[in-house]
Amino acid sequence: MSESAPSAADTRRIAQEARSRVRFEEEALELSDQVFRVARRLAGSREEAEDLVQQTYERAFRSWRQYTPGTNLRAWLLRILTNLNIDRGRRQQRSPQTTSIDNEAGDYFLYNKLESQVPDENPDEERVLERLSQDSIVDALAEVPHDFRDVIVLVDIGDFSYQDAAQILDIPIGTVMSRLHRG
């Protein structure tokens with residue numbers, strides 16, 4: 001049995017598919033900054049956000065044929081991101097709560113040590129404001145239940161319209177509005 005060379009039609013089809021995939025990957029990668037910004041708001045840390053983005057692109061590139069060219073690629077990628085985040089939240093809920101021994105104290109050990117040696121010139125309010133950071137905002141946002149957090153991140157932080165958020169989350173617009181209000 002001899003193996004024949006691919007026909008001209010097969011060669012054209014393979015070449016067309018390769019061009020389509022390259023075009024898809026280029027367009028998807030152009031949106032990586034936007035995907036990361038949304039992931040950063042959904043995740044508790046930068047590392048978790050980077051993992052979410054990597055998993056999003058891994059899944060998108062693996063199932064690129066499911067994307068319909070001409071539709072909203074950003075919404076498609078963010079839907080994948082949202083689904084992965086929901087899965088991550090479910091895994092965290094199933095696993096036991098663990099707390100690092102040197103959690104908060106370790107983060108501020110040097111600061112507290114220096115502060116105890118220097119006379120207190122700042123009023124309490126200024127010290128509180130100094131300690132507030134984006135991380136504390138992300139931590140507070142992490143305490144909001146997933147359904148509400150996803151809507152808050154997309155609409156309030158990501159500046160998506162209610163329609164876009166509804167499409168990304170695959171829920172009605174009314175649900176987006178009520179979750180935003182409750183969240």
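This is a chat about the helices, ring pairs and loops of one predicted model.

Student: Okay, what am I looking at, and how many helices and strands does the protein chain have?

Tutor: You have a predicted model. The protein chain has 11 helices and zero strands, so the pattern along the sequence is just α repeated: α-α-α-α-α-α-α-α-α-α-α.

Student: And what share of the residues is buried?

Tutor: Buried residues account for 28% of the 183 in the protein chain.

Student: What about contacts, how many join residues at least 24 apart?

Tutor: Take the contacts between residues at least 6 apart in sequence: 60% of those join residues at least 24 apart.

Student: Let's do helix packing. How do the axes of α2 and α9 cross?

Tutor: Helix α2 covers residues 32–42 and helix α9 covers residues 146–157; their axes come within 9 Å and cross at roughly 135°. That angle makes α2 oblique to α9. The crossing is right-handed.

Student: Which residues meet there?

Tutor: From α2 you get V38, R41 and L42, and they meet R149, D150, V153, L154 and I157 of α9. By class, the residues of that contact are five nonpolar, no polar and three charged.

Student: Which residues of α9 are buried?

Tutor: H146, R149, D150, V151, I152, V153, L154 and V155. R149 and D150 are among them, and both also take part in the contact with α2.

Student: Does α2 have another partner? I mean, where do the axes of α2 and α3 come within 8 Å, and at what angle do they cross?

Tutor: The α2 and α3 axes do come within 8 Å, crossing at roughly 130°. That makes α2 oblique to α3. α2 passes α3 in a right-handed crossing too.

Student: Which residues make that contact?

Tutor: On the α2 side, S32, V35, F36, A39 and R40; on the α3 side, R46, A49, E50, L52, V53, T56 and Y57. They split into seven nonpolar, two polar and three charged.

Student: Y57 is aromatic. Which cluster do ring pairs link Y57 into?

Tutor: The cluster holds F24, Y57, F61, W64, Y67 and W76. So Y57 turns up both in the α2 contact and in the ring cluster.

Student: How many aromatic pairs are there?

Tutor: The count comes to six aromatic pairs. One of them is F24 with F61: edge-to-face, 6.2 Å centre to centre, with 75° between the planes.

Student: Why does that pair tie together parts that are apart in sequence?

Tutor: Because F24 lies in helix α1 (residues 8–30) and F61 in helix α3 (residues 46–62), the pair ties together parts 37 residues apart in sequence.

Student: Are those rings' residues buried or exposed, F24 to begin with?

Tutor: F24 is buried, at a relative accessible area of 5%. F61 also counts as buried, with 19% relative accessibility, and the cut-off for buried is under 20%.

Student: Switching to the C-terminal helices. How do α10 and α11 cross?

Tutor: Helix α10 is residues 162–169 and helix α11 is residues 173–182; the axes come within 8 Å and cross at roughly 105°. The two are therefore roughly perpendicular to each other.

Student: Which residues make the contact?

Tutor: Y162, Q163, A165 and A166 of α10, with I173, V176, M177 and L180 of α11. In classes, that contact has seven nonpolar, one polar and no charged residues.

Student: Now the loop between α10 and α11. Which residue there has a positive phi?

Tutor: D170 sits in that loop, and its phi is near 60°, a positive value in a residue other than glycine. For background, most residues other than glycine have a negative phi. D170 is exposed, with a relative accessible area of 62%.

Student: What phi does D159 take?

Tutor: D159, just after α9, takes a positive phi of about 60°.

Student: Last one: where is P145?

Tutor: P145 is in the loop between α8 (134–142) and α9. At 46% relative accessibility, P145 counts as partly exposed. The C-alpha atoms of P145 and G89 are 9.3 Å apart, and these residues are 56 apart along the chain.

Definitions and conventions. Residues are numbered from 1 along each chain as its sequence is written. This is a predicted model: local features need pLDDT of at least 70, side-chain atom pairs count only at pLDDT 80 or more; totals for chains, interfaces and linings use all residues. Side-chain values use heavy atoms; hydrogens and water are left out. Axes are lines fitted to C-alpha atoms, for helices over the stretch in contact, and angles run from 0 to 180 degrees between N-to-C directions. Helices (H or I, at least four residues) and strands (E, at least two) are DSSP runs, numbered from the N terminus. Angles under 35 degrees count as roughly parallel, over 145 as roughly antiparallel, 65 to 115 as roughly perpendicular and the rest as oblique. A crossing is left-handed if the near helix is turned anticlockwise from the far one by less than a right angle, and right-handed if clockwise. Contact means heavy atoms within 4.5 Å. Ala, Val, Leu, Ile, Met, Phe, Trp, Tyr, Cys and Pro count as nonpolar, Asp, Glu, Lys and Arg as charged, and the others, Gly among them, as polar. Rings of Phe, Tyr and Trp (its six-membered ring) pair if their centres lie within 6.5 Å; planes under 30 degrees apart count as stacked, over 60 as edge-to-face and the rest as tilted. Buried means under 20% relative accessible area, exposed over 50%, partly exposed in between (1.4 Å probe, protein chains only).
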